[in-house]
Amino acid sequence: MATFTAPDGTVLAYRTTGTGDPLVCLPGGPMRASAYLGDLGGLAAHRSLVLLDLRGTGASAVPQDPASYRCDRQVPDVEALRVHLGLERLDLLAHSAAGDLALGYAAAYPERVSSLILVAARGRVLGIDFTPDHRREAAALRAGEPWYPAAANALEKALAGTATDAEWDAVTPLFYGRWDAAARAHSAAEVEQSNEEAGERYATHGAFDPPAARAAISAMSAPVLLYAGELDGGPRPRVAAQIAALLPASRLVVQPGGGHFPWLDDPEHFTAAVTAFLADARR
């Protein structure tokens, strides 16, 4: 893996896979190493994916100041990566909780964003987020699955903050459009890829200033793709639409049968939608 140095001296790592123009990819979690993104369903056949390990995750160093795990304090890391790569502007993809980081970057550096792809992404930076009822609504769509009764019961424990490790395991199928062998293998790696302390600090007080971000991001002319899974509870497609409504030149694509990791559920649909968007963004 290659490395560069953040403004505060933390050494950050990234790996590059694929061919073509670079697409910088930010992992969610929050604060999960980028390994779980894989090649994003074959997207690496079309673009060179630059997969960043956020500070304190994967091959990146642990910062001296744990408070720097806060989302807004990682925005300079993304800008440092842009400078390191020698890019005038970034094509930027963010998954899940990294939607906050990508939107924060776009608000701080709107002129440095060439295109933005938000995959199953949160929008707390703009004051929009999913709710427990959204989770329940999405879960109910899986009522025909044999694992649903256990998952629905465990979900309530998780929402109440009382779930055991076994109950969290029971909830896991709700995050995938298909609970097959590939999904099981993908979910099994989560614990070792995640920095729980960093995740707890990611969205702490002061991380988001929605009025300021909304005003700043209105200056961004770059096209934006919101890609949501039909079965995902965080966010539901209509919540993704609310985020899209605040972003200039945005479009929303909903993957039928997709969950929170849509490149696993239907890689062909995912890759086709993203490559078509990127091609249009070039015109």
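**Exercise 1. Decide whether Ala-249 counts as buried, partly exposed or exposed, and say where Ala-249 lies.**

Step 1: Buried means under 20% relative accessible area, exposed means over 50%, and partly exposed is in between (1.4 Å probe, protein chains only). Step 2: Ala-249 has 49% relative accessibility, so this residue counts as partly exposed. Step 3: Ala-249 lies in the loop between α10 and β8 (250-255), where helices (H or I, at least four residues) and strands (E, at least two) are DSSP runs numbered from the N terminus.

The model is predicted, so that local features need pLDDT of at least 70 and side-chain atom pairs count only at pLDDT 80 or more, while totals for chains, interfaces and linings use all residues. Residues are numbered from 1 along each chain as its sequence is written, and side-chain values use heavy atoms, with hydrogens and water left out.

**Exercise 2. Work out what is unusual about the backbone at Ala-249, at Leu-40 and at the bond between Gly-234 and Pro-235.**

Step 1: Most residues other than glycine have a negative phi, and most peptide bonds are trans. Step 2: Phi of Ala-249 is positive, near 55°, and Leu-40, which is not a glycine either, has a positive phi of about 55°. Step 3: Leu-40 is placed in the loop between β3 and β4, and with 1% relative accessibility Leu-40 counts as buried. Step 4: The peptide bond that joins Gly-234 and Pro-235 is cis, with omega about 5°, and Pro-235 is in the loop between β7 and α10 (237-245). Step 5: The bond from Gly-29 to Pro-30 is also cis, with omega near 0°, and Pro-30 is found in the loop between β3 (22-26) and β4 (48-53).

**Exercise 3. Classify the aromatic pair formed by Tyr-227 and Phe-270, and find which parts of the chain the pair links.**

Step 1: Rings of Phe, Tyr and Trp (its six-membered ring) pair if their centres lie within 6.5 Å; planes under 30 degrees apart count as stacked, over 60 as edge-to-face, and the rest as tilted. Step 2: By this rule the count comes to 9 aromatic pairs. Step 3: Between Tyr-227 and Phe-270 the centres are 5.1 Å apart and the planes make 80°, so the pair is edge-to-face. Step 4: The pair links distant parts of the chain, with Tyr-227 in strand β7 (residues 224-229) and Phe-270 in helix α12 (residues 267-282), 43 residues apart. Step 5: Tyr-227 is buried at 1% relative accessible area, and Phe-270 is buried at 0%.
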